[in-house]
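Me: I would like to learn how to read a two-chain model, beginning with how far to trust the coordinates. Could you take me through this one?

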Amino acid sequence: MALDMSIRIGGQAGQGVQAVSYALGKVFTRNGHYVLIHQDVESRIRGGHSFAQIRIQDTPVLAIKDNPDVLIALDAQTIAQDLQALAEEGVLIFDGEQTGYSSENPNHLSLPLERLATEVGGGKIMANTVATGAALASIGFELQPLLDYLEEQFRDKGRETVKRNRASASSGYRHARENFARHPPQPIPIGPSREGRLLLSGSEAMAIGAICSGLKFYAGYPMSPATTIMEVVASKAQEYDIVVEPAEDEIAALNMAIGASFAGVRSMTATSGGGFCLMVEALGLAGMTETPVVVAIGQRPGPATGLPTRTEQGDLGFVVHAGHGDFPRAVLAPGNVEQAFYAMGRAFNLADRYQTPVIVLADQYLLDSYFTVDGVDPARITIDRGKIDRDVHRGSAQVYKRYAWHPSGVSPRILPGQSEAVLYACSDEHTEEGHITEQEQVRTMMVRKRMEKLEGMRRESTPPECHPPSEGSDLVLLGWGSSWGAIREAVDLLRAENIRAKMLHFCDVYPLLRNGIPDRVGESAEVIGVESNYTGQFADLFQFETGIPVTERILKYDGRPLSPEEIARQVRGLL
Amino acid sequence: MVSLEDYESKDPIAWCPGCGNFSLLSALKEALVGLGKKPKEIVMVSGIGQASKTPHYLMCNTFNGLHGRTLPVATGLKLANHELTVLAEGGDGDGYAEGGNHFIHAMRRNVDITYLVHNNQIYGLTKGQTSPTSEMGYVSKTTPWGSPNPPENPLLLAIASDCSFVARGFTGDVAHLRQLIKEGVRNRGFSFIDILQPCVSFNRVNTFQWYKSRVYKIDDTEAYDPSDRMTAFGRAQEWGERIPIGLLYRSVRPTRDEQEPAIRTSSLVKQPLATTSFPKLLEAFK
């Protein structure tokens with residue numbers, strides 16, 4: 001039977017829940033398996049209740065699973081809250097001494113996590129490392145890969161730290177093995193390590209995707225869940241000569257990125273929906289001055305502060321329409337980490353080639369989750385800076401026609417100081433030279449010029465992904481963005497029950513491709529929108545743009561990501 | 001050789017006849033010519049308002065952006081190409097109201113930008129409403145019973161922010177203003193010049209004559225040391241019968257652009273874009 005194992009680690013913020021899941025993720029990624037780690041945390045630094053859940057499979061993991069096979073409780077609250085989620089026959093590992101919990105269930109194992117950590121000299125802070133060792137034992141995996149990882153992880157902190165961590169892990173492993181003596185778990189074999197295989201979060205994928213695309217300037221203001229993008233870029237800034245500026249607010253962040261782009265470099269910012277509210281003014285500025293810029297957005301449930309550490313796909317309608325007046329923008333919503341990496345390359349090229357803002361729309365689930373991928377290839381990111389006129393030589397300074405009419409809407413541009421001519425960029429309606437005008441014909445021409453770019457971007461937008469690619473279907477599950485994996489797996493679950501479902505997933509959500517969509521949907525199929533928001537924002541957009549009715553909607557807005565099982569359950573309910 | 005003709009723009013001027021902006025424009029052009037800067041080396045960043053139209057009336061690279069957002073754009077621009085001479089320009093509404101937060105942080109960052117604020121103590125382009133520098137009790141259409149708030153003191157704010165160069169000019173003294181602008185551009189760091197510029201159409205209180213009879217050059221009769229911060233605090237509060245113009249405060253400190261490691265050997269815009277080889281970038285994720 002194919003490997004499919006989920007482990008949930010729960011505890012208070014500060015107990016090292018994420019460290020356990022990340023260590024397990026590294027161990028399995030390096031030893032022939034695939035993982036998905038999903039974080040469920042509260043907006044606080046210490047205390048409260050949070051968990052991380054890691055799903056391990058032999059093939060790339062598409063989505064989260066509702067019910068974990070193993071629950072590791074670092075505190076009593078986890079037992080109270082998460083035990084009900086444990087799969088039938090699932091294993092609970094808990095610290096009976098610390099939580100005061102006891103159980104007659106043979107699958108519930110009390111391990112003195114804190115005491116074991118203290119005994120080997122790690123102190124109770126290493127209870128989570130003891131738990132990591134126990135987790136491996138509970139699913140029948142070898143200990144050595146974890147010891148190797150800990151060695152590497154703590155090498156810089158000295159031999160003593162490495163020793164204590166390894167001793168903590170070994171102790172947890174050994175005690176769990178003894179407990180499992182009567183019912184040893186089916187062993188999970190170590191697989192061969194594969195060249196190029198990575199454990200990447202969506203944030204990391206987007207940050208390194210941007211760097212591989214030639215990012216030179218980043219300005220931003222931290223906001224969950226987009227902050228990690230800035231942190232990763234900043235950590236690489238000195239190595240790749242990138243200017244990273246901590247802006248006073250999101251208004252400044254996008255205006256700075258626009259200024260840097262006007263000077264001639266690839267620039268970006270990242271934020272969440274609330275920060276993007278502040279950026280909208282500058283988004284229009286980029287549209288009007290025809291300045292390329294990339295904005296990455298990590299959606300979280302709104303409005304206002306909403307649920308800061310949780311997920312939703314609730315900003316699509318806002319992002320697509322943000323700003324007053326008509327101006328073109330493109331919105332890419334990657335479905336997984338590979339798409340997130342390559343979407344950055346495409347976003348920078350689109351922004352440069354169409355000289356307009358491009359938004360990469362992700363969400364907390366995609367940004368904060370770690371996925372094992374077979375690799376991302378920087379060489380596959382090509383750089384196309386669009387029409388930059390680098391050869392303007394004139395005797396004396398003259399005005400460059402920055403906004404010269406062109407049927408594609410895209411005029412060549414010069415970079416200030418890089419040419420003998422000068423240019424004017426203007427947020428007022430302007431002439432071809434960039435000077436302020438109110439002349440009717442010029443205004444009409446300029447609006448048309450800008451909006452032509454929208455049609456250009458629509459024509460070259462990537463068609464949606466169908467799964468299975470060519471099978472006939474009675475039901476089309478329509479999705480976008482990070483629910484890619486959950487919908488795909490739901491389709492497989494339904495097809496196994498002879499329900500002829502198919503996924504239609506859009507990464508390029510705006511401007512939406514219209515050509516060929518009816519063929520992909522099929523004539524008699526019923527379209528069901530599946531997304532994480534209250535209204536069905538993408539279903540509305542799809543229906544409006546293609547004229548194809550979306551008859552049913554499966555919507556979720558509790559701040560948690562969609563799972564394949566719940567999508568399948570709801571589809572069955574509709575039949 | 002650069003001449004005034006090189007800075008001539010063909011864009012027709014949309015200011016009111018007699019506006020203080022005309023003298024400011026002359027002082028600015030003369031300063032740039034005096035510095036020997038070519039138009040292609042200059043970028044002017046402006047916001048919205050009558051003041052922010054100024055770059056259109058000069059021949060030089062221009063980014064005429066949004067109301068209040070001059071300084072972030074200028075900051076990004078300068079960091080991306082620090083070989084350019086970057087000036088930012090706007091009015092009191094643009095810089096002190098809408099862009100107040102950016103102003104504070106631009107001074108803190110100390111990017112090498114020269115910021116000119118046309119301060120006429122009123123909103124001109126929208127036809128005469130109370131601004132953050134309007135005096136308390138000032139009657140306008142938005143404050144028909146007089147402004148309920150005291151005016152902001154931008155110079156005091158700048159000195160408190162340890163702004164690298166804090167000056168006040170007056171459009172009634174073009175030669176003095178020209179010199180201030182030259183010094184501001186030469187200064188390495190964020191140079192701030194508040195420019196008293198009477199609005200002939202709407203401000204009936206702070207008129208040309210009103211300013212003319214009050215302003216005095218800070219170093220005219222006695223030596224003035226702009227590096228003395230406490231004295232500068234005192235002079236910046238002088239307003240009413242006597243109003244000082246000139247360089248009030250100077251702080252020599254490293255600029256943001258000088259300290260940026262990414263541009264130590266070459267400006268960002270001159271750096272080659274990504275190569276296809278990032279062997280170490282992916283290492284940490286294995």
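Reply: Start with confidence, since this is a predicted model. Where pLDDT is low, the coordinates should not be read in detail. Chain B has a mean pLDDT of 95, and 99% of its residues reach 70 or more. For the model, ipTM is 0.98 and pTM is 0.97.

Me: What secondary structure does chain B have, and how compact is chain B?

Reply: Chain B holds 9 helices and 8 strands. Its radius of gyration is 20 Å, and the globule rule gives 19 Å for 286 residues, so chain B is as compact as a globular protein of that length. Along the principal axes, the C-alpha atoms of chain B fill a box of roughly 70 × 45 × 40 Å. Of the 286 residues, 52% are buried.

Me: What share of the contacts in chain B between residues at least 6 apart join residues at least 24 apart in sequence?

Reply: That share is 70%.

Me: How many residues does each chain give to the contact, and which elements of chain B take part?

Reply: An interface size is often given as the accessible area lost when the parts come together. Here we have residue counts: 47 from chain B and 56 from chain A. On the side of chain B, β2 (61–64), α2 (70–80) and α4 (100–109) each give two or more residues. α2(B) gives the most, with 8 residues. By class, this side of chain B has 24 nonpolar, 13 polar and 10 charged residues.

Me: In which sense do β15 of chain A and β2(B) pair?

Reply: Parallel: β15 (residues 424–426) of chain A and β2(B) pair over 3 bridges. One bridge joins A:Ala425 to B:Phe63 in β2(B).

Definitions and conventions:
Residues numbered from 1 in each chain as written. Chains lettered and ligands numbered in written order. Predicted model: local features only at pLDDT ≥ 70, side-chain atom pairs only at ≥ 80, totals over all residues. Helix = DSSP H or I, 4+ residues; strand = E, 2+ residues; numbered from the N terminus. Rg over C-alpha atoms; globule rule 2.2 N^0.38 Å. Buried ≥ 20, exposed ≤ 12 C-beta atoms within 10 Å, placed from the backbone. Contact = placed C-beta atoms within 7 Å. pLDDT = per-residue confidence, 0-100. Nonpolar A, V, L, I, M, F, W, Y, C, P; charged D, E, K, R; others polar. Pairing = 2+ DSSP bridges.
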